[in-house]
Amino acid sequence: MKKLFIITALIIFSFSQAAFAEADSDTEVRINSLYAANRLDDAFNLLLSVPQEERSAQQWLIMGNIMMDSDKAGDAEFMYNSALNVDPKYYKALYNLANLHLQNGQPNMAIQEYKQVLKYKKDFAHAYYNLGCAYIKTGELRKAKNAFLDAIYFKPTVADFYYNLAYVYKKLNNTKSAQLYLDYYNKIVNNN
């Protein structure tokens with residue numbers, strides 16, 4: 001009889017765990033759907049219904065993005081850092097945090113975060129691009145050039161990558177390379 005009770009308890013526990021997991025999955029899907037549909041207030045309110053200690057890194061990221069869209073940079077920074085507390089290697093939160101610091105005139109902080117992003121996601125072309133933009137702000141043009149070249153290597157179809165590389169070459173007094181990359185930029189723009 002004792003064995004039957006234990007087996008029954010285990011079965012009930014397994015079903016309840018599965019039900020909780022399914023409910024969590026449904027909430028995650030609803031949050032992502034609302035966010036994708038640009039129903040930011042609804043997504044945010046649903047996110048608030050998830051206890052803080054149970055929020056995923058993705059959920060914190062979405063909250064941070066909604067805060068950025070609402071021009072609440074301080075709140076966004078808190079949300080991105082909360083995402084990183086859940087998953088320190090979550091490159092999307094690091095990337096958005098770096099973008100926030102670059103936007104707020106903190107290029108050195110942004111550079112360190114972009115480097116962390118690239119440590120976890122080596123082929124992230126836009127992180128290389130933004131790293132190059134941060135290097136421009138610090139006056140490190142050779143590092144900016146290398147970052148833009150890496151961005152182009154991983155995603156050769158983005159016109160802005162070529163334009164900024166041409167700008168850096170011009171600043172480095174290499175007019176031949178500047179013109180070459182400006183021509184690539186124009187070619188991409190004209191083909192789109």
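# Briefing: an all-helix predicted chain

Of the 192 residues in the chain, 40% are buried. The model is predicted, with an average pLDDT of 89 over the chain and 88% of the residues scoring at least 70. The chain holds 10 helices and zero strands.

**Confidence and overall layout**

- Residues 4-23 have a pLDDT that stays under 50, and in the model this stretch makes zero contacts beyond four places in sequence.
- Where pLDDT is low, the predicted coordinates should not be read in detail.
- Read from the N terminus, the order of elements is α-α-α-α-α-α-α-α-α-α.
- Among the contacts in the chain with a separation of 6 or more, 41% join residues 24 or more positions apart.

**Helix α6**

- Helix α6 covers residues 107-120, and its 14 residues should span 20 Å at 1.5 Å a residue; the end C-alpha atoms are 20 Å apart, which agrees.
- The buried residues of α6 are P107, A110, I111, E113, Y114, V117 and L118.
- An α-helix has 3.6 residues a turn, so residues three or four places apart point the same way.
- The cover over the buried residues of α6 includes α5 (91-103) and α7.

**Helix α9**

- For the 13 residues of α9, the span expected at 1.5 Å a residue is 18 Å; the end C-alpha atoms lie 19 Å apart, which agrees.
- Buried positions in α9 are A159, F161, Y162, N164, L165, A166, V168 and Y169.
- Elements that cover these buried residues of α9 include α7 (125-138), α8 (141-154) and α10.
- After α9 comes N173, with a positive phi near 60 degrees.

**The largest pocket**

- The volume of the largest pocket is about 170 Å³.
- Its lining consists of Y163, A166, Y167, K170, T175, A178, Q179 and L182.
- Two elements, α9 (159-171) and α10 (175-191), each give two or more residues to this lining.
- Sorted by class, the lining residues of the largest pocket are five nonpolar, two polar and one charged.
- A166 appears both in the pocket lining and among the buried residues of α9.

**Loop residues with positive phi**

- Most residues other than glycine have a negative phi, and most peptide bonds are trans.
- D71, a residue other than glycine, has a positive phi near 60 degrees, and its place is the loop between α3 (57-69) and α4 (73-86).
- With a relative accessible area of 73%, D71 is over the 50% cut-off and therefore counts as exposed.
- N173 is also a residue other than glycine with a positive phi near 60 degrees; this residue sits in the loop between α9 and α10.
- N173 has a relative accessible area of 69%, so it is classed as exposed.

**Selected residues in helices α8 and α10**

- F154 belongs to helix α8 and counts as partly exposed because its relative accessibility is 35%, which lies between the cut-offs of 20% and 50%.
- F154 and F124 are 30 residues apart along the chain, while their C-alpha atoms are separated by 7.2 Å.
- Beyond its neighbours within four places in sequence, F154 is in contact with K122, D123, A125 and Y128.
- R142 is another residue of helix α8; its relative accessible area of 59% makes R142 exposed.
- Between R142 and L172 there are 8.1 Å from C-alpha to C-alpha, and the two are 30 residues apart in sequence.
- S177 is located in helix α10 and has a relative accessible area of 18%, which is under the 20% cut-off, so S177 is buried.
- From S177 to Y167 the C-alpha distance is 9.8 Å, for a pair 10 residues apart in sequence.
- Y167 is one of the residues that line the largest pocket.

Terms used
Residues are numbered from 1 along each chain as its sequence is written. This is a predicted model: local features need pLDDT of at least 70, side-chain atom pairs count only at pLDDT 80 or more; totals for chains, interfaces and linings use all residues. Side-chain values use heavy atoms; hydrogens and water are left out. pLDDT is the predictor's confidence in each residue, from 0 to 100. Contact means heavy atoms within 4.5 Å. On a 1 Å grid over the protein atoms alone, a cavity is a set of points where a 1.4 Å probe fits but cannot get out, and a pocket is an open set with protein on both sides within 12 Å along at least five of seven lines; lining residues have an atom within 4 Å of a point. Grid points are joined across faces, edges and corners, and a volume is the space filled by probe spheres set on the points. Helices (H or I, at least four residues) and strands (E, at least two) are DSSP runs, numbered from the N terminus. Ala, Val, Leu, Ile, Met, Phe, Trp, Tyr, Cys and Pro count as nonpolar, Asp, Glu, Lys and Arg as charged, and the others, Gly among them, as polar. The expected span of a helix is 1.5 Å times one less than its number of residues. Buried means under 20% relative accessible area, exposed over 50%, partly exposed in between (1.4 Å probe, protein chains only).
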